[in-house]
Amino acid sequence: MKSSEYDTAFVKENMMGPNSMKIVEEMAESLKLEKSMRVLDLGCGRGLTSIFLAKEYGVTVLPTCGSVQQITMRESN
């Protein structure tokens, strides 16, 4: 799996739930994503799944998260 090639420390630091990259990779394989597509990543958390989809499938990702705390964390980084 492509997700297993990512830096373990980076994944652990940014993962918002168990196996999020593995789950999004399995889902993406069934969607037949193409480079010209746009994906809305609702509840993206720290954006790990958004980064993965953009890098591995070449799609444009529109990440969004409703948590004020997570938005503040992203803005401070």
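Helices, taken as DSSP runs of H or I with at least four residues, and strands, taken as runs of E with at least two, are numbered here from the N terminus. On this basis the chain, which is a predicted model, has four helices and two strands, and these elements follow one another from the N terminus in the order α-α-β-α-β-α. Of the 77 residues of the chain, 32% count as buried, and the accessible surface comes to about 5400 Å², with 54% of this area belonging to carbon and sulfur atoms. Among the contacts with a separation of 6 or more, 49% are accounted for by residues 24 or more positions apart.

Helix α3 spans residues 48–57, and its buried residues are L48, T49, S50, F52, L53 and Y57. These buried residues pack against two helices, α1 (8–14) and α2, and against the strands β1 and β2 (60–64). An α-helix has 3.6 residues a turn, so residues three or four places apart point the same way. After the end of α3 comes G58, a residue whose phi is positive, near 70°.

Within α3, the position of S50 can be described in further detail. With a relative accessible area of 7%, S50 is counted as buried because this value falls under the 20% cut-off. When residues up to four places away in sequence are not counted, S50 touches D41, C44, V61 and P63; of these partners, D41 falls within the residue range of β1 (38–42), whereas V61 and P63 fall within that of β2 (60–64).

The largest pocket of the model has a volume of about 260 Å³. Its lining is made up of 21 residues, and V24, D41, L42, T49 and L53 are those that lie nearest the centre of the pocket. At least two residues of this lining are supplied by each of α2 (20–31), β1 (38–42) and α3, and the largest share, five residues, comes from α2. By class, the lining of the largest pocket consists of 12 nonpolar, seven polar and two charged residues.

The descriptions of the helix and of the pocket have several residues in common. T49 and L53, which belong to the buried residues of α3, are also among the lining residues that lie nearest the centre of the largest pocket. D41, likewise one of the residues nearest that centre, is in addition one of the contact partners of S50.

Conventions: Residues are numbered from 1 along each chain as its sequence is written. This is a predicted model: local features need pLDDT of at least 70, side-chain atom pairs count only at pLDDT 80 or more; totals for chains, interfaces and linings use all residues. Side-chain values use heavy atoms; hydrogens and water are left out. Buried means under 20% relative accessible area, exposed over 50%, partly exposed in between (1.4 Å probe, protein chains only). Contact means heavy atoms within 4.5 Å. Accessible areas come from the Shrake-Rupley method with a 1.4 Å probe; for residues, only the protein chains shown count as cover. On a 1 Å grid over the protein atoms alone, a cavity is a set of points where a 1.4 Å probe fits but cannot get out, and a pocket is an open set with protein on both sides within 12 Å along at least five of seven lines; lining residues have an atom within 4 Å of a point. Grid points are joined across faces, edges and corners, and a volume is the space filled by probe spheres set on the points. Ala, Val, Leu, Ile, Met, Phe, Trp, Tyr, Cys and Pro count as nonpolar, Asp, Glu, Lys and Arg as charged, and the others, Gly among them, as polar.
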